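Q: I'd like a close look at one part of this model, with the rest brought in afterwards. Please take it step by step and keep it relaxed.

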Number of protein chains: 2
Amino acid sequence: MSDVAARAGVSAITVSRALRTPEKVTPELRAEIARAVDYLGYVPHAAARALASKRTDVIGVIIPSITNSVFADVMRGIYAEVDSTPFKIQLANTRYSPRMEENLLRVFLGQNPAGLVVTGIDQSETARALLEAAPCPVVQIMEIGDDPVDLMVGFSHHEAARATAEHLLKRGYRKLAFLGARMDPRSQRRFNGFREAASAAGAFSESRVVTSTSPSSVTLGAQLFAELIDRAPDVDAIFCNNDDVALGAMFEARRHNVSIPDQMGLCGFNDLEMMAVAEPPITSVRTFRYEMGRRAINMLVGALDEKADRTNAVVDLGFEIRARQSTNRSTIERHSLHP
Amino acid sequence: MSDVAARAGVSAITVSRALRTPEKVTPELRAEIARAVDYLGYVPHAAARALASKRTDVIGVIIPSITNSVFADVMRGIYAEVDSTPFKIQLANTRYSPRMEENLLRVFLGQNPAGLVVTGIDQSETARALLEAAPCPVVQIMEIGDDPVDLMVGFSHHEAARATAEHLLKRGYRKLAFLGARMDPRSQRRFNGFREAASAAGAFSESRVVTSTSPSSVTLGAQLFAELIDRAPDVDAIFCNNDDVALGAMFEARRHNVSIPDQMGLCGFNDLEMMAVAEPPITSVRTFRYEMGRRAINMLVGALDEKADRTNAVVDLGFEIRARQSTNRSTIERHSLHP
DNA sequence: CCCAGCTAAGATAGCGCTAACAATGCAGGA
DNA sequence: TCCTGCATTGTTAGCGCTATCTTAGCTGGG
């Protein structure tokens with residue numbers, strides 16, 4: 001930096017200011033400094049800045065699993081949004097362990113992050129305390145709840161699943177099943193919403209619930225489907241915890257010569273791009289994962305601004321049921337079954 | 001740190017040593033210091049360390065696109081392997097722009113990274129020069145070539161595609177087509193390998209090549225398939241640039257009542273988990289993306305060790321053709337076509 | 001018994017930057 | 001004219017750690 005300062009004929013601090021707070025330097029000097037920076041290929045030293053200013057340009061992101069494809073879209077959104085800011089992302093995963101989450105928080109907080117992004121609302125008491133005491137904005141993503149630590153962006157998994165069950169009921173299905181991989185807290189809340197709506201219509205049965213602790217996959221979806229129709233052959237519609245499972249169920253249904261949607265309704269969750277182009281196209285619940293990542297960063301960067309108003313601290317991105325052929329029982333069939 | 005030192009009754013530098021180079025501190029003091037660290041919840045300040053030691057624990061990873069799902073698996077492997085090391089990952093994407101890659105390299109190099117991971121072998125001249133002058137290990141991933149900057153882990157896309165075309169030929173297909181999304185340099189090399197093998201057998205025709213600059217997706221696969229059979233109805237087997245495209249082609253084939261594998265062979269690339277469980281199961285080329293991420297970090301960390309031998313600087317992870325039903329033309333059909 | 005040759009711990013300085021305060025220059029009012 | 005007040009630039013010190021040099025203590029060969 002002193003080389004740049006020498007070349008521009010100013011002191012080091014002026015270069016620092018020209019870079020950090022350009023409005024405090026006259027335009028002429030600013031231009032001169034910019035020229036020197038360019039000429040020398042000067043790149044500021046992040047560590048030195050962090051040490052001197054007790055501030056870093058790192059946003060810590062804590063997710064439970066990198067494997068889980070749901071987070072891939074969120075991360076895409078995060079990286080996309082962060083690209084237009086001076087911030088950097090530091091990603092860590094807890095492998096669904098609360099202990100791990102606490103440790104990671106401690107490590108991140110030790111580095112004075114510019115902000116933190118954490119997943120969900122089920123932090124341990126210790127983690128929660130750490131977050132509330134954090135000297136930086138915190139965004140909870142993936143779902144919304146009544147008691148945000150600070151900022152929050154997501155949607156109600158309970159509501160989304162309830163609405164989906166109601167969609168199946170409206171389409172005339174009466175023996176609803178639930179296929180679930182890796183029942184994390186959000187999956188659990190989806191299940192609760194599903195059960196609530198199905199039970200209210202007398203369409204729920206514990207025997208039509210098949211779950212697994214394994215991570216979600218298309219293969220697992222096929223297995224769960226096979227297990228389901230073996231155990232409960234009377235099922236007439238399936239709500240899958242997510243789209244991988246739904247796709248696997250669809251393939252397995254074909255192998256079992258079960259026709260979708262007439263013999264069996266099928267519905268996924270997340271609305272991956274492929275659901276619309278599958279044959280038949282599969283009904284799914286669109287969630288705004290990419291948007292969620294972008295908003296998380298956007299809100300965080302906004303909160304870093306002194307003059308930001310803290311209204312809209314909780315953003316509900318909602319969901320959309322994309323009704324497709326896989327839950328579109330033909331009229332004749334519907335009538336014959338439910339006259 | 002001085003608090004820890006005071007509590008353990010030693011000087012700050014001894015704490016530093018106990019943490020960085022424990023073998024230089026007697027076991028008793030080490031234990032005492034560990035106790036103090038634990039008691040005080042001390043977390044070392046990364047920025048201060050970086051500034052003082054001119055070394056960071058950051059490994060820079062540069063990939064062309066976060067959207068591209070191929071890199072998701074690589075990143076999983078990278079994060080998995082880095083978890084057992086003190087290093088952190090800093091991810092950046094070039095959006096397939098060489099200019100961007102140069103800038104990112106300059107930024108990373110300005111921070112004294114512990115290592116760099118870059119994608120492919122098509123760096124610009126400037127980028128190449130920066131990498132060769134880098135004061136840290138560099139790993140090129142995704143493919144292998146004759147002229148590594150330093151370390152390299154990947155496989156030959158040309159060979160993989162050639163072998164796939166030969167697989168199709170062996171199965172009796174004679175009018176091979178190529179569907180390609182986003183033709184980046186590696187896709188291009190795959191295409192070249194495919195053309196080489198197909199041409200040698202007289203099974204290649206430019207009219208059966210349909211590509212797009214759009215990013216890969218299942219939807220795009222369906223579109224490319226539709227375009228292909230419209231343009232070249234005589235096609236009897238398709239090599240898809242990747243599995244998304246293959247899956248889309250499969251769905252679209254069903255809509256066109258084209259039966260796979262008898263009327264049309266279908267083959268993907270990457271062997272995503274779902275290919276084996278699709279109906280029919282789809283032949284694909286297994287590539288070791290997760291392993292590639294792990295090895296990249298593993299090699300990099302190994303190279304950081306003084307005493308490491310630099311044999312095995314280039315690792316070819318190879319590929320495997322997973323022959324499945326989608327290229328398994330029935331015997332009768334094969335004989336009637338090629339008696 | 002002495003001292004070279006080692007190991008373990010400490011003292012000092014400085015990494016590259018910015019916070020905080022200081023100094024300078026200049027406009028405009030008394 | 002002087003002084004106040006603001007805008008702009010400079011000076012100084014220190015962020016938390018580690019490289020480097022130094023010192024202390026200890027071993028063992030001649």
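**A sheet in chain B, then the DNA**

A: Start with one pair of residues: B:Leu179 has B:Cys240, in β8(B), as its bridge partner. Keep in mind that this is a predicted model. Zooming out from that pair, β6 (residues 176–180) and β8 (residues 237–240) of chain B run parallel and are joined by four bridges. As a rule, the strands of a sheet pair through backbone hydrogen bonds, in parallel or antiparallel fashion. Here the whole set is an open sheet of four strands in chain B, ordered β7-β6-β8-β9, with parallel pairing. At the edges sit β7 (209–211) and β9 (265–267) of chain B, each pairing on one side only. On average, neighbouring strands of this sheet are turned by 15° against each other, direction ignored. Helix α11 of chain B (residues 243–255) packs on the sheet, where it touches β6, β8 and β9 of chain B. The direction of α11 makes about 150° with that of β9(B).

Now for the DNA, starting with strand C. This strand is surrounded by 25 residues, and the closest are A:Ser16, A:Tyr42, B:Thr14, B:Arg17 and B:Leu29. Of the atoms of DNA strand C within 4 Å of the protein, 69% belong to sugar and phosphate. The bases get a contact too: a polar side-chain atom of B:Arg17 lies 2.7 Å from a base nitrogen of strand C. B:Lys54 places a polar side-chain atom 3.1 Å from a sugar or linking oxygen of strand C, while a backbone N or O atom of A:Met1 is 3.2 Å from one of the strand's phosphate oxygens. As for elements, α4(A) gives the largest share of the surface near strand C, with five residues. By class, that surface has 13 nonpolar, six polar and six charged residues.

Turn to DNA strand D. It has 25 residues around it, and A:Thr14, A:Arg17, A:Leu29, B:Ser16 and B:Tyr42 come nearest. Sugar and phosphate make up 67% of the strand D atoms that come within 4 Å of the protein. Phosphate oxygens of strand D lie 2.3 Å from a polar side-chain atom of B:Ser16, and 2.6 Å from one of B:Tyr42. For B:Arg20, a side-chain N or O atom is 3.3 Å from a phosphate oxygen of strand D. Two or more residues of the surface near strand D come from each of α2 and α4 of chain A and α2 and α4 of chain B. The largest share there is five residues, from α4(B).

Key
Residues are numbered from 1 along each chain as its sequence is written. Chains are lettered from A and ligands numbered from 1 in the order in which they are written. This is a predicted model: local features need pLDDT of at least 70, side-chain atom pairs count only at pLDDT 80 or more; totals for chains, interfaces and linings use all residues. Side-chain values use heavy atoms; hydrogens and water are left out. A residue is near a molecule or strand if one of its heavy atoms lies within 4 Å of it. A polar contact is a pair of N or O atoms within 3.5 Å; within protein, one must be able to donate a hydrogen and the other to accept it, and residues adjacent in sequence count only if both atoms are side-chain atoms. Ala, Val, Leu, Ile, Met, Phe, Trp, Tyr, Cys and Pro count as nonpolar, Asp, Glu, Lys and Arg as charged, and the others, Gly among them, as polar. Two strands pair if DSSP finds at least two bridges between them. Axes are lines fitted to C-alpha atoms, for helices over the stretch in contact, and angles run from 0 to 180 degrees between N-to-C directions. Contact means heavy atoms within 4.5 Å.
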